[in-house]
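Dear colleague,

Please find below the structure that I am handing over to you. My notes on what was found in it follow directly after.

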Amino acid sequence: MTSFVTAATAVDPTLETFENDIWWIVLIKLVGVFALLLLLTLFTINYERKVVARMAVRPGPNQVGPKGWLQSLTDGLKLPFKEEIIPKTADKVVYFIAPVISATTAFTAFSVMPFGGVVNMFGHQTALQLTDVPVSVLVLLACSSMSVYGVVLAGWASGSTYPLLGGLRSSAQMISYEVAMGLSIVAVFMTAGTMSTSQIVAAQASGDPVQLFGFEVTAPGWYAVQLLPSFIIYMIAAVGETNRAPFDLPEAESELVGGFHTEYSSFKFALFFLAEYINMITVSAFCTTLFLGGWRAPAPITTFWEGANSGYWPLLWFFGKVLILLFGFIWLRATLPRMRYDQFMRFGWKVLIPVSLVWILFLAFFKVARSGAISDTTRWVTTGVVAVLVLAIAWGWPSPKKPKQLSIEEELHQRPPGSFPVPPMDLQVPPSPRVRRAVAERDPVSKEV
Amino acid sequence: MTVADVLLLALGAVAVGAGVLVVTSAHLVRSGLYLVVSLGAMAGLYLVLGAELVAWVQILVYVGAVVVLLLFAVMLTRAPIGPSTDLDRPALPAVLIGGGAGLGLAALFADAFRWTFYAMPEPGTAERVGEQIFGGWVLPFEVLSILLLSALVGAIVLSRPDIGARAAATATEHERGA
């Protein structure tokens with residue numbers, strides 16, 4: 001193994017770095033990721049409750065531990081000791097497997113997440129990332145698509161109506177939003193030219209210089225800036241994918257009691273709970289990696305502090321970004337009402353997916369034009385033709401016909417025979433006796449005037 | 001036998017065994033789960049052969065989307081917990097046809113490539129798969145996409161019988177109104 005430069009510069013791992021790991025280093029990293037996820041989950045639950053409480057102007061959990069920060073730990077310890085109730089109609093085997101699938105896929109997804117560059121761990125050079133493969137982004141997507149099984153099977157195996165409806169909703173929702181999510185990531189693949197998470201982070205280290213009106217401007221390296229539409233689509237799809245508010249239809253408590261996990265209790269419920277929060281952390285970490293420069297320090301820091309990306313410092317930047325994104329999740333939950341199911345599906349299929357397809361097409365054209373494969377005149381001509389075409393289509397697009405406003409009498413007349421009777425339109429509701437009495441008592445005052 | 005050989009055999013056995021369970025199980029949803037195991041074992045085979053991209057796409061598409069849709073459809077129509085008693089097609093013809101086709105194809109391939117040795121190609125990276133698909137195999141790829149598109153349109157037409165009949169329907173409505 002070649003000697004790495006361990007000075008105060010960031011060292012990007014390559015795929016060979018992971019092949020050279022010794023087994024006990026891998027074991028340490030594995031246990032580290034596992035413990036980290038558990039701790040982060042406990043923290044996030046408390047974080048969410050406190051932030052939501054703050055936004056609702058109430059104290060939130062403040063009894064257990066310093067300022068209530070141990071509340072979720074006690075909840076987590078309490079849950080496994082509760083009584084386990086399994087419905088008689090349940091399919092026992094699948095009922096048992098479902099939460100296991102949910103938790104396992106949630107943990108597995110984190111194995112390809114890069115937390116930092118190459119560090120010195122007990123005298124060995126290793127990357128702060130459990131493992132990496134050339135297609136590690138696909139591994140992550142595969143894990144998130146496998147997690148649908150946990151939800152669907154839990155809903156079905158409970159042998160009860162509300163969980164089944166929740167499971168069905170959820171599978172439709174997750175499949176729909178997975179498409180939009182995958183399409184938004186395609187833009188990152190095209191720009192970075194790789195599918196490995198560590199390489200994508202490396203590709204965002206510096207922006208490429210752009211000639212703009214004779215000046216050379218260095219575009220920011222973060223894909224959140226370079227590929228803003230993809231970033232926005234990813235964020236929306238991530239909320240839909242994790243079943244969080246305002247897209248938490250699978251567990252809409254006002255309609256479905258608790259959705260797919262209504263019949264679950266005790267430890268199995270705890271596993272679902274854990275999986276939901278880990279998924280939230282995973283999509284945030286994934287977003288950090290793909291769009292926010294990964295573990296590298298934000299732009300102004302590195303200019304006056306050279307060593308910001310060296311050693312274990314990247315952990316700070318990485319988790320700082322993840323916590324900000326998690327705050328966004330919680331913020332959404334505290335402020336937005338739940339969407340209706342048809343609005344939600346229409347938004348996913350008719351807005352997000354077409355927009356990301358058009359954006360990818362545009363990006364591909366941009367890449368080809370910039371690579372110098374076509375001449376300058378061709379570039380301007382094609383751009384002009386496309387712009388004119390888009391304008392023409394937008395101009396000539398048939399606007400939806402507004403339905404004629406019918407008066408109430410006409411609407412009543414159109415109702416099919418056998419409809420419910422309606423009260424007469426000129427019905428006068430007499431004032432209640434109490435109001436009449438109150439008015440009568442007030443009368444002497446008016447007489448005085 | 002190398003480790004790769006052993007893994008290939010074991011994963012192949014898992015894939016075939018799970019495939020047999022898919023058709024013999026009387027539990028509808030569980031046979032869907034066996035299908036997941038079978039397709040997952042296929043992905044494992046691709047991994048052993050060094051085609052990582054194909055393996056993960058297999059999991060992403062087949063395990064993560066196709067079978068989920070299948071289970072979704074089963075649950076939408078009816079989702080019986082426990083064995084279904086009305087799965088009573090005679091098994092013998094199916095066994096004969098399936099076993100015959102499988103064994104015959106296996107024998108054919110074993111005979112054809114028995115004495116041919118192929119050097120293990122480079123691991124199937126995304127670049128190589130892309131070059132192959134959009135280079136030598138672009139025509140089958142495009143034909144397949146047209147096939148899928150026509151299937152999609154056909155499904156919409158079948159599930160929306162009201163589209164073609166709209167004019168007639170509005171005409172009858174007008175008559176009723178008058």
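Read from the N terminus onwards, chain B of this predicted model runs α-α-α-α-α-α-α. In other words, chain B contains seven helices and zero strands. Chain B has 178 residues, of which 19% count as buried. Its exposed surface comes to about 12,700 Å², with 74% supplied by carbon and sulfur atoms. As for contacts within chain B, if one takes those between residues at least 6 apart in sequence, 58% join residues at least 24 apart.

I turn next to the interface between the two chains. Here 25 residues of chain B are in contact with 28 residues of chain A. Together the two chains bury about 2,200 Å², and 80% of this area lies on carbon and sulfur atoms. On the side of chain B, the residues that lose the most area to chain A are Trp56(B), Met75(B) and Ile81(B), which together make up 27% of what that side buries.

With regard to charged and polar pairs, the count between chain B and chain A is one salt bridge. This salt bridge joins the side chains of Asp91(A) and Arg30(B), with an N to O distance of 2.7 Å. Two residue pairs in polar contact are found across the interface, both at pLDDT 80 or more. The elements of chain B that contribute two or more residues to the side touching chain A are α2 (28–48), α3 (52–77) and α5 (126–134). Of these, α3(B) provides the largest share, with 16 residues. Sorted by class, that side of chain B comprises 21 nonpolar residues, one polar residue and three charged residues.

Three residues of chain A also deserve a note.

Thr289(A) is located in helix α11 of chain A, which spans residues 266–291. Thr289(A) counts as buried because its relative accessibility is 0%, and the cut-off for that class is under 20%. Its side chain reaches the backbone oxygen of Ala285(A) at 2.9 Å. Not counting residues up to four places away in sequence, Thr289(A) touches Met113(A), Pro114(A), Thr197(A), Ile200(A), Val201(A), Gln204(A), Gly294(A) and Phe318(A).

Ser72(A) belongs to helix α3 of chain A, residues 71–78. With a relative accessible area of 5%, Ser72(A) is therefore buried as well. Apart from neighbours within four places in sequence, the contacts of Ser72(A) are with Leu42(A), Ile45(A) and Asn46(A).

Glu84(A), by contrast, is placed in the loop between α3 and α4 (92–109) of chain A. Its relative accessibility is 34%, so Glu84(A) counts as partly exposed. Which residues does Glu84(A) contact, leaving aside its neighbours within four places in sequence? They are Ser265(A), Ser266(A) and Lys268(A). With Lys268(A), the side chain of Glu84(A) makes a polar contact, side chain to side chain, at 2.9 Å. Glu84(A) and Lys268(A) are 184 residues apart along the chain, yet their C-alpha atoms are separated by 8.5 Å.

With kind regards

Key: Residues are numbered from 1 along each chain as its sequence is written. Chains are lettered from A and ligands numbered from 1 in the order in which they are written. This is a predicted model: local features need pLDDT of at least 70, side-chain atom pairs count only at pLDDT 80 or more; totals for chains, interfaces and linings use all residues. Side-chain values use heavy atoms; hydrogens and water are left out. Contact means heavy atoms within 4.5 Å. Buried area is the accessible area (1.4 Å probe) that two parts lose on being put together, summed over both. A salt bridge is a side-chain nitrogen of Lys or Arg within 4 Å of a carboxyl oxygen of Asp or Glu. A polar contact is a pair of N or O atoms within 3.5 Å; within protein, one must be able to donate a hydrogen and the other to accept it, and residues adjacent in sequence count only if both atoms are side-chain atoms. Helices (H or I, at least four residues) and strands (E, at least two) are DSSP runs, numbered from the N terminus. Ala, Val, Leu, Ile, Met, Phe, Trp, Tyr, Cys and Pro count as nonpolar, Asp, Glu, Lys and Arg as charged, and the others, Gly among them, as polar. Buried means under 20% relative accessible area, exposed over 50%, partly exposed in between (1.4 Å probe, protein chains only). Accessible areas come from the Shrake-Rupley method with a 1.4 Å probe; for residues, only the protein chains shown count as cover.
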